Each structure stands twice: as structure tokens, then as C-alpha cells.
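How does one get from a computed value to a word such as "buried" or "tetrahedral"? The questions below take such words one at a time and ask what stands behind them.

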Amino acid sequence: MSGYRSACPACGAEVLFALGTTLLRVCDHCGVAVARAGADVENYGQVAALIPTPSVLALGVEGGYANAPRFRLVGRLQIDHGAGTWDEWLMGFDDGAWAWLSESQGKFHYMGQVAQPPLPDFDELMPGQRVDLGATGAFVVSELRSGRFVSARGELPFRAQPGSVLNYADLSGPDGQFATIDYGQGQEAEALYVGREVTLDELGVSGLPDEEQRAVKASGKNLACTQCGGPLELRAPDLTQRVACPWCGSLLDATRDLKVLAKLSAPPISALIPLGSQGRYKGVVWCVIGLVERSVTVEDERYPWREYLLYEPRRGFRWLVESDGHWSFVEPVNAGDLQGASASGVTYEGTRYKHFQSGQACVDHVLGEFYWAVKRGQTTDTQDYVAPPSMLSCEADEGEITWSRGSYVEPAELWQAFNAPGSPPERRGVGAIQPWPHASAARGVYTSALVLLAVLFVVFLGLTLLGRRQVHTQFIVIPPTAVSGTPEAAVFTEPFQVERTGNLEVLVTAAVDNSWLYLDGALINERTGSLDEFDAEVSFYHGRDSDGSWSEGGTSTRRYISSVEPGRYVLRLEPQWEAGRPAPRSYEVRVSSRVPRLYQLFLAGLALALWPLLLAWRQWRFEAQRWSQSDHPWVESS
Ligand SMILES: [Zn+2]
Ligand SMILES: [Zn+2]
């Protein structure tokens with residue numbers, strides 16, 4: 001590292017700017033901020049004492065990772081943006097380059113300075129806005145912040161007086177990237193940083209207190225409520241801003257000696273999963289540390305839900321959300337990873353989420369500890385998008401837009417995981433992201449029904465082609481002297497043999513022309529004399545009228561006799577024909593056995609489809625019920 005040495009304008013001690021590019025150095029001897037201005041140095045005033053934070057880093061800590069020169073932490077900046085102080089560490093590389101390492105709630109972000117394209121001014125930005133960062137790509141503004149320069153140690157790359165207010169815009173980009181536009185104390189962009197979340201292991205940082213020591217440092221701090229005197233055990237003491245006393249419900253300011261902000265005489269809500277409970281979800285043990293009841297009000301009706309704040313020292317915060325007995329586990333999502341946002345939906349990780357509802361959520365009650373300055377009556381605009389069993393939610397207020405993803409959790413599993421007392425509350429209605437309980441069973445039913453339908457069709461086709469046997473054909477002449485409908489006109493066919501049990505088809509063909517032939521028939525078993533009566537009418541009419549030519553009927557007809565036993569049979573056929581007209585001269589009968597019928601296929605198919613259709617109907621009703629709670633109901637509610 002190249003260096004620049006000077007004397008402190010306040011105490012005369014030597015100050016070393018180890019990086020050639022840094023502009024501010026806190027004098028190690030007297031604590032004054034020394035600013036470089038050309039060849040001169042200027043006294044920027046006393047820097048306040050460092051605020052105790054749960055930071056695990058320290059000035060002088062070294063590290064190194066692949067494809068980069070080794071670095072050392074040469075500066076520490078403490079910023080307060082109104083909801084706590086966090087640390088920004090300046091990484092000085094051996095080649096004189098530098099980058100920021102920001103630390104907040106146990107997370108680290110590496111932010112390197114990149115070439116700055118033309119950027120909008122600070123007051124032109126809005127949360128949710130897309131900003132073109134040139135070669136880096138398009139990012140979404142997630143938060144606009146004004147932070148106070150609280151304290152610093154070592155050297156910093158900018159000139160600002162301690163206590164001044166610095167403006168930033170935080171942006172979120174694709175593939176987990178983050179960007180910060182630094183506006184300094186004004187409105188014009190001064191620097192652009194791009195980076196991503198990193199772990200200290202990735203950075204090759206060594207020589208830190210190990211995790212166990214850190215865990216001890218961050219474990220519960222025993223205090224007493226300043227309102228009721230009840231014992232308070234803080235589970236994230238370094239991060240907690242507000243405490244709602246579990247004994248009296250009063251809201252206390254954890255950053256100012258538990259000063260009472262709002263007095264209550266009893267806790268306004270009770271936690272179904274008690275505060276302090278620990279539970280394992282997806283391999284991580286979370287501790288329940290707070291509870292918020294929020295609600296939206298639609299047409300004077302209040303729809304409340306409860307959000308349990310979970311904490312794990314290395315992963316930060318998550319939520320368990322309960323609404324009408326339905327539970328979801330909620331994690332933050334980077335706005336930059338969302339695509340195709342529109343009024344109808346948004347895409348995340350390849351899944352399209354459909355817009356479900358919009359609302360204005362209001363904080364009604366709080367209990368436990370919170371890492372932000374929670375208070376009753378706070379409102380945020382919310383948008384929910386669903387792709388069961390997941391939900392994407394967007395919350396926006398004036399300065400910040402945040403996205404999160406909730407995953408449906410089975411209440412019984414949750415109760416077991418957190419060892420919660422009693423049983424989970426009864427689920428009411430269909431949850432916004434509740435999966436249809438019969439989905440996997442239904443898939444099995446649909447698949448087997450399709451297979452069975454295919455089998456049925458093949459069997460039918462086989463029977464049609466192979467099963468059918470023609471057992472008799474006879475051409476019958478009606479004598480010219482015969483009289484319609486008289487027994488004398490009746491004939492017996494020659495006997496024929498039916499080999500196997502099944503139906504019989506009698507096909508009658510007659511050359512009728514604008515007339516009809518009716519046969520009063522009977523199938524007679526020669527051995528038993530048993531009788532199956534049937535009739536058959538062949539009628540064919542045609543002609544021509546104002547609409548053109550027409551025709552009705554045909555020259556053949558089929559009749560079926562069901563379950564005919566094997567045996568020798570004859571047919572008795574007694575013809576009738578149109579009065580006053582000559583008899584048709586002849587007709588033909590053709591008898592076939594075991595003829596597959598289409599209606600049988602249809603009935604079997606229907607029987608097979610009944611269960612899948614019922615399931616599909618139930619699923620439709622389930623989905624309709626889900627969407628009845630949304631801004632887009634499927635059916636108009638009465
Ligand atoms: Zn000094
Ligand atoms: Zn209290």
C-alpha cells in the first residue's frame with residue numbers, strides 16, 4: 001500500500017492514510033476527523049465514541065480470496081438510519097484498491113466501486129423503480145435511506161463531517177446482486193457500488209472470535225420492564241429496538257434504557273406459539289421473539305392475521321404468519337430476482353405468481369422484541385401474489401419496498417417442531433396458498449383412469465374385430481298371396497346354432513321404397529321352447545319439396561336380444577306391411593352373436609371417468625373457495 005503521512009491538526013500526532021485514495025482519517029491519538037484537501041489536512045471535528053454493536057470484525061483483520069490481492073480492514077464507519085446503528089468496514093487491498101464490507105444483522109455484503117453511468121438524482125428515485133446501472137444491468141430500488149454519520153475509526157474514502165447526514169439508495173439486481181448509490185450529503189450520485197452477500201469464510205477472513213464466543217456475547221440479557229417490573233429476557237439484545245412487555249404489554253424503547261413509549265396494563269394479544277419457543281424448520285433452529293397482529297379493513301370489516309418474528313443469530317430474522325389457522329414460513333426475497341411484474345402477476349425462480357389481493361395493512365398489537373421501531377397504527381401497502389403452496393408479498397411504504405416469499409406449513413408439523421402447547425387452531429376456509437389436500441391422490445386417480453380407458457378401448461376394439469360371429473343368414477320371399485299381419489304370412493327360419501353365451505344381433509334388410517315392412521319376431525330355443533320376442537321395422541321414405549330432396553329411415557334395421565344361451569334356435573317372423581299396397585317381395589335376416597355395443601363402451605368409460613370427474617370438481621370448488629378470499633373471485637359471492 002502506498003501511504004500518505006501528515007500531522008494531526010489538533011494534536012500534532014502523526015496520521016497515516018495507508019491507502020493513497022482515502023480522504024478522511026480518524027486520529028488514533030485524539031479522535032479528531034482529519035480530512036485531506038490537496039496537500040493540506042483539515043480538522044473536521046471530534047468523532048463520537050463507537051456505538052456498541054454485535055460486530056464480529058475489527059480494524060486490522062486480514063483476509064484474502066481467489067483472484068484478489070490480500071486485504072486488511074482499514075476503516076470502520078458507523079451509520080444510523082433511524083432503526084439502529086450498523087457498521088461499514090473499508091477493505092484496503094494490497095494494490096491500493098478498496099471496497100466496502102457492510103455488516104448488518106449478522107450478514108455481510110461485499111460492495112465494490114464500479115464505473116458510474118449517468119444516474120438519477122436522489123429526490124428522483126422511488127422504491128420499486130428500475131434503474132439502468134450501465135454495464136452492471138438493470139436494478140430495482142429497494143430502499144432510500146438517509147443515515148447519520150455516527151462514528152468512525154481508521155480511514156474513509158470520502159470527506160464528511162461526523163454527524164452529517166448521508167443519502168443512499170439500495171438496489172437489488174439479478175442473481176442475488178446488490179448495489180448502493182452513494183449520494184453523499186446532496187442529491188447527486190457520487191459513487192456506485194455493486195456486490196453481493198458474502199460469508200467471512202468466502203473472504204478468507206481469519207483471526208476472529210469463534211462462533212461460540214459470539215453466541216455467548218449475543219445471548220439473553222436479563223432486564224426488568226420499566227413499567228411493571230416484570231422480568232424481560234431479550235433474545236437478540238444487540239439488535240432489538242423495541243420491546244412490548246409480555247407481562248403488561250407496554251411498549252419500551254430498547255435503545256434508550258427501556259423508556260416507556262406506550263403504556264398498557266395487560267398484554268393485548270397472546271401468542272399461540274409462546275415467545276421464547278424454539279423450533280427446527282428446514283434444519284435451522286429458530287427462536288420466536290416477537291408477535292405482531294396486523295389487519296386490513298375492507299368495507300368496515302377487519303381481517304386480522306398474526307406474524308411471529310423468528311430469530312437465529314447467524315441467519316437473522318424470518319416470520320411465521322398465521323391467518324384463519326393457516327400458517328406460512330416467510331423469508332426475504334431480493335427484488336432484483338423478480339421478473340415480469342405486472343398487475344396480474346410476477347415471476348420468481350421460474351414460477352409465475354398470480355395477483356391475489358392488495359391492501360393496506362395496519363399494525364394493531366405487538367408483543368415481544370423487534371429489530372425495528374415498531375408501533376401501533378403503522379401502515380404499509382401490501383400486494384400478495386400466489387402460486388400455491390407459495391406466496392410472494394410486496395410491502396411498500398414511503399422509503400422502502402420489500403419482497404418476501406411465504407411457504408405453506410402444515411399446522412400439525414409446526415406444532416411438533418416448536419413443541420407448542422395444545423393443538424393448532426382449527427383451519428377456517430381455504431388458505432391463500434394452502435395446497436389442495438388430494439393433489440397427489442388425484443394424480444394417481446387421473447393416471448390410472450387414463451390407463452384403464454385405454455385398456456377398455458383396446459379390449460372393445462379386439463371384441464369388435466374378433467368376438468363377433470355370424471351364425472345365420474337367410475333370404476325370405478313373401479308369397480304374393482300372403483296377407484299382412486296374418487299367421488299364414490309367418491315363416492320359421494332354418495335352425496341355427498349359437499355356440500357361446502352372449503347377445504344376438506338380428507339385421508333385417510328389405511328393399512322398401514316409400515313404404516315399410518314390420519316383422520313381429522320371436523327367437524325360439526328348439527330344445528326348451530323358450531321364447532324371446534322382438535320386433536323390427538324397416539321403413540324408407542324419400543321425396544322432394546320446396547327445401548329440396550329429403551329422405552327418412554333406411555332399408556335395414558338392427559335389433560338386439562341380450563344373453564342368449566348356447567343352443568339350437570329358429571326365428572319365427574310374421575311380416576306386416578302398409579295397407580293397400582303390395583307386399584315387399586322379400587327380405588333378408590342376418591343373425592350375429594356376441595356383438596359389442598358402443599353404449600357398453602360408453603357406460604364403462606363413464607363409470608371409469610366418474611371418480612376423476614368428481615375429484616376435478618372438488619378441486620375446482622377448492623380453488624374457487626381460495627380465490628373467493630381474493631380481489632379476483634371466480635364466482636360472484638351473494
Ligand atoms: Zn490528533
Ligand atoms: Zn411490563
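What follows is a series of questions and answers about this predicted model.

Q: How do you know how much confidence the predictor has in this chain, and where is pLDDT under 50?
A: The score to look at is pLDDT, the predictor's confidence in each residue on a scale from 0 to 100. The chain averages a pLDDT of 88, and 96% of the residues score at least 70. Over residues 212-220, however, pLDDT stays under 50, and the model has 13 contacts beyond four places in sequence for this stretch. Where pLDDT is low, the predicted coordinates should not be read in detail.

Q: What makes C8, C11, C27 and C30 the donors of the zinc ion (ligand 1)?
A: A sulfur atom counts as a donor here if it lies within 2.8 Å of the metal. The SG atoms of C8, C11, C27 and C30 coordinate the zinc ion (ligand 1) at 2.2 to 2.3 Å, and these distances therefore satisfy the cut-off of 2.8 Å. Along the chain, the donors of this zinc ion follow the spacing C-x2-C-x15-C-x2-C. The pair C11 and C27 links distant parts of the chain, 16 residues apart, with C11 in the loop between β1 (4-7) and β2 (14-17) and C27 in the loop between β3 (24-26) and β4 (32-37).

Q: Why is the site of the zinc ion (ligand 1) called tetrahedral?
A: Four donors count as tetrahedral if all angles lie between 85 and 135 degrees. Among the four donor atoms of the zinc ion (ligand 1) the angles are 105 to 114 degrees, so the site is tetrahedral.

Q: Why is C27 called buried, while C11 and C30 are called partly exposed?
A: Buried means under 20% relative accessible area and exposed means over 50%, with partly exposed in between. C27 has a relative accessible area of 3%, so it is buried. C11, at 33% relative accessibility, counts as partly exposed, and C30, at 23%, also counts as partly exposed.

Q: What makes the arrangement around the zinc ion (ligand 2) tetrahedral?
A: Its protein donors are the SG atoms of C225, C228, C245 and C248, lying 2.2 to 2.3 Å from the zinc ion (ligand 2). These four donor atoms subtend angles of 107 to 112 degrees, which makes the arrangement tetrahedral, since the angles have to lie between 85 and 135 degrees. The donors follow the spacing C-x2-C-x16-C-x2-C along the chain. Two of these donors are buried by the cut-off of 20%, because C245 has a relative accessible area of 0% and C248 has one of 5%.

Q: How many disulfides does the structure hold, and what would make a pair of cysteines count as one?
A: A disulfide is a pair of cysteine sulfur atoms within 2.5 Å, and a search of the whole structure finds zero of them.

Q: Why is strand β14 said to be largely enclosed by the rest of the structure?
A: Seven of the eight residues of β14 (residues 177-184) are buried, so the strand is largely enclosed by the rest of the structure.

Q: How do you know which strands pair with β14?
A: Two strands pair if there are at least two bridges between them. Six bridges join strand β13 (residues 165-172) to β14, running antiparallel, and six bridges join β14 to strand β15 (residues 191-198), which also run antiparallel. S172 has F178 in β14 as its bridge partner, and D182 has A191 in β15. The hairpin of β13 and β14 has four residues between the strands, and D175 there takes a positive phi near 60 degrees, while the hairpin of β14 and β15 has six residues between them.

Q: What makes β28 a partner of β18, β22, β27 and β29?
A: The requirement is again at least two bridges. Strand β28 (residues 351-370) pairs with strand β18 (residues 242-244) in the antiparallel sense over three bridges, and V243 stands opposite E369. Six bridges join strand β22 (residues 284-298) to β28, where E293 stands opposite H365. Four bridges join strand β27 (residues 345-348) to β28, and these two strands form a hairpin with two residues between them, in whose turn E349 has a positive phi of about 50 degrees. Eight bridges join β28 to strand β29 (residues 379-387), which run antiparallel, with K354 opposite V386.

How values were computed
Residues numbered from 1 in each chain as written. Chains lettered and ligands numbered in written order. Predicted model: local features only at pLDDT ≥ 70, side-chain atom pairs only at ≥ 80, totals over all residues. Heavy atoms only, no water. Donors = N, O, S within 2.8 Å, 3.2 Å for Na, K, Ca; no water. Tetrahedral: all angles 85-135°; square planar, octahedral: opposite > 155°, others 65-115°. Buried < 20%, exposed > 50% of the residue type's maximum accessible area, 1.4 Å probe, protein only. Contact = heavy atoms within 4.5 Å.
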